[in-house]
Structure formats: structure tokens, C-alpha cells
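Trainee: Please take me through one part of this model at close range. Pick a charged side chain in the interior and work outward from there.

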Amino acid sequence: DTMAEAPPSREESLHVARLMETAERYDEMVDAIRNVATAGQELNEEERTLFASAYKHVITARRSSAKMILNLEKKGNADSASKIKEFRDKVESELSFICHDLINVVEKYLLPATTANDVKVFYYKMLGDYWRYLAEFTSGDQKATATKGCEEAYKKGQELAKTMPPTCPVRLGLALNLSVFYFEVVGDPDKACDTAQEAFDEGSDALAALEVNARRESSKIIALLRDNLMRWADAGL
């Protein structure tokens, strides 16, 4: 009579997550890092990076599939319409599962185990991002719920980020994504531009005081904010 196999330990799961990243097997990487994230301990920086990277890879693949399908549907081909719809339903249910899975892990396990403010901001930004991905392809009540979840998460992050320097990449990244949310999901260019402009002005002013090496990541996000502001100004004409 063989005993049931014990679930993998936190250490084993972490080891598997690293291996799966190297092998570019991201679905398995998600399963492994989820075990680490739900073990009840705070994640260190390496573990947070693995967690974010695993989910980012699996969601990016589905988001690009969903966008391709939308383009196919717009072109309209009666012969393949039912096949395309079937494929769209499959991709959207995978997208929905991944987003709800991440939201659940972050809300139930990671945020409660976290003490540092900057790490909380990192998680709220992540929550906002995955609610935003849900809002991108849902409609009706589901879109309303996702939109509300997204704005609440970004706002909580923004509130906590006020204690961080305006050049902090997590703070800048949060403002960037919140502004994109206002523009693309809510359809409010004024709010999008105000959010981006404020982060751009505060970040740019403080950038000069930073060491060259510390500047790199912040400069990248500030450049993205500037690009969006120029693009949105053109769109508003």
C-alpha cells in the first residue's frame, strides 16, 4: 500500500520554477511559483521577479492571441466564423482563468504577508494590470467589475507610492499603467493625460539628482510617458 505522494516543498517548487523559466515552459513555471507564493511566507526579490515573469509570459501569449482573433473577426469570413468564435471562447476563458488566478494569489497570500510599502505598491500595480487585462476583452457587468477592480488597485498603489521618490520605477510604472487604463479602457483622454503629465513632470524634475546607473530604468518609463502624452495629444485634436 503506497502512501500518497507529499506535495512539493517550497524549496522544491522554487527550484522547479527556476528550471521551467530556463526551459521556457511558462505554464509549468506558473504552477511551481504559485506553490511558492501560497506557502504563507513573504516573497523575496528573486521570488517576486519569478512570480511576475511567469504570469507575464502566460498572459502575454493569450493577449496577443485574443488581439489576433479580434482582427480575424473584423475581416469577417462566414466560412470560418464558428471556428474563430470557438477559438476566441477558448482563449478568453484561459485569459480569464490566468487573471483571476493571479488576483486571488496576490490578494489572499502575497499582500497579507507583505510589510514593505514599495513591495505593496508592486503588488497593487500587478493587481491593477491583471484587472485591466480582464477589462480589455470582457463586456457588460464583467467589464464593469474588472474596470472597478483595476482602478481601485491602481489607486491604492498610488496612495502608498506617495511615500516613494517620484523617480522610483515602481511608482512611475504604476502612473504609466493607470494613465493607459484611463485612455484605453475608460476612454477618458483628459484623465489619462493628467495622470501621465503629473508623473512625467515630477519624475523629470527629480531625475537629474540621480546617479547615471540609477537613472536608466526611470528614464525609460519617463520616455514612455512622454511618447504617450504626444500620441494622446494628437488623438485629442
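**Arg63 and its surroundings**

Mentor: Start with Arg63, which is in contact with Leu95, Arg132, Tyr133 and Glu136, once neighbours within four places in sequence are left aside. Keep in mind that this is a predicted model. Arg63 sits in helix α3, which runs over residues 45-75. Is Arg63 buried or exposed? It counts as buried, because its relative accessibility is 17% and the cut-off for buried is under 20%.

Now follow one of those contacts. Arg132 touches Arg63. Arg132 lies in helix α5, and that helix spans residues 117-137. Arg132 is buried too, since its relative accessible area is 7%. Which acid does Arg132 pair with? Its side chain meets that of Asp129 in a salt bridge, at 3.4 Å from N to O. Arg132 and Asp129 are three residues apart in helix α5, about one turn of the helix. The general point is simple: side chains of opposite charge can pair when their charged atoms come close.

Asp129 has another partner. Lys125 forms a salt bridge with Asp129, and the closest N and O atoms are 3.4 Å apart. This pair also lies within helix α5, with the two positions four residues apart, again about one turn. Asp129 counts as buried because its relative accessible area is 6%. So the acid that pairs with Arg132 and with Lys125 is itself buried, at 6%.

Next, a pair that reaches across the chain. Asp101 and Arg34 meet through their side chains in a salt bridge, 2.8 Å from N to O. Asp101 is in helix α4 (residues 81-110), while Arg34 is in helix α2 (residues 26-37). They are 67 residues apart, and the pair links distant parts of the chain. Asp101 counts as buried, because its relative accessibility is 12%. How many salt bridges does the structure hold? The count is 20.

Go back to helix α3 and look at Glu73. Glu73 counts as partly exposed, since its relative accessibility is 29%. Which residues does Glu73 touch, beyond those up to four places away in sequence? They are Ile84, Lys85 and Arg88. Take Ile84 for the spacing. Glu73 and Ile84 are 11 residues apart in sequence, and their C-alpha atoms are 7.3 Å apart in space.

Now the outside. Asp190, Asp194, Glu198, Asp201 and Asp205 gather on the surface in a patch of negative charge. One of them, Asp205, has its place in helix α8 (residues 189-207). Asp205 is exposed, because its relative accessible area is 67% and the cut-off for exposed is over 50%.

One backbone detail deserves a check. Glu24 has a positive phi of about 55 degrees, although it is not a glycine. Where is Glu24? It is in the loop between α1 (10-22) and α2. Glu24 counts as exposed, since its relative accessible area is 58%.

Set these parts in the whole chain. The protein has nine helices and zero strands. Buried residues make up 40% of its 237 residues. Among contacts with a separation of 6 or more, 67% come from residues 24 or more positions apart. The C-alpha atoms fill a box of roughly 70 × 55 × 30 Å along the principal axes. The exposed area is about 13500 Å², and carbon and sulfur atoms supply 53% of it.

Last, the charge balance. The protein carries 31 positive and 40 negative charges. The mean positions of the two sets are 3 Å apart. To recap the starting point: Arg63 is buried at 17%, and its contacts include Arg132, which pairs with Asp129.

Terms used: Residues are numbered from 1 along each chain as its sequence is written. This is a predicted model: local features need pLDDT of at least 70, side-chain atom pairs count only at pLDDT 80 or more; totals for chains, interfaces and linings use all residues. Side-chain values use heavy atoms; hydrogens and water are left out. A salt bridge is a side-chain nitrogen of Lys or Arg within 4 Å of a carboxyl oxygen of Asp or Glu. Buried means under 20% relative accessible area, exposed over 50%, partly exposed in between (1.4 Å probe, protein chains only). Contact means heavy atoms within 4.5 Å. Patches are made of residues with over 30% relative accessible area and no salt bridge: like charges are joined within 9 Å, nonpolar side chains (Val, Leu, Ile, Met, Phe, Trp, Tyr) within 5 Å. Accessible areas come from the Shrake-Rupley method with a 1.4 Å probe; for residues, only the protein chains shown count as cover. Lys and Arg count as positive and Asp and Glu as negative; His and the chain ends are not counted. The place of a charge is taken as NZ of Lys, CZ of Arg, CG of Asp or CD of Glu.
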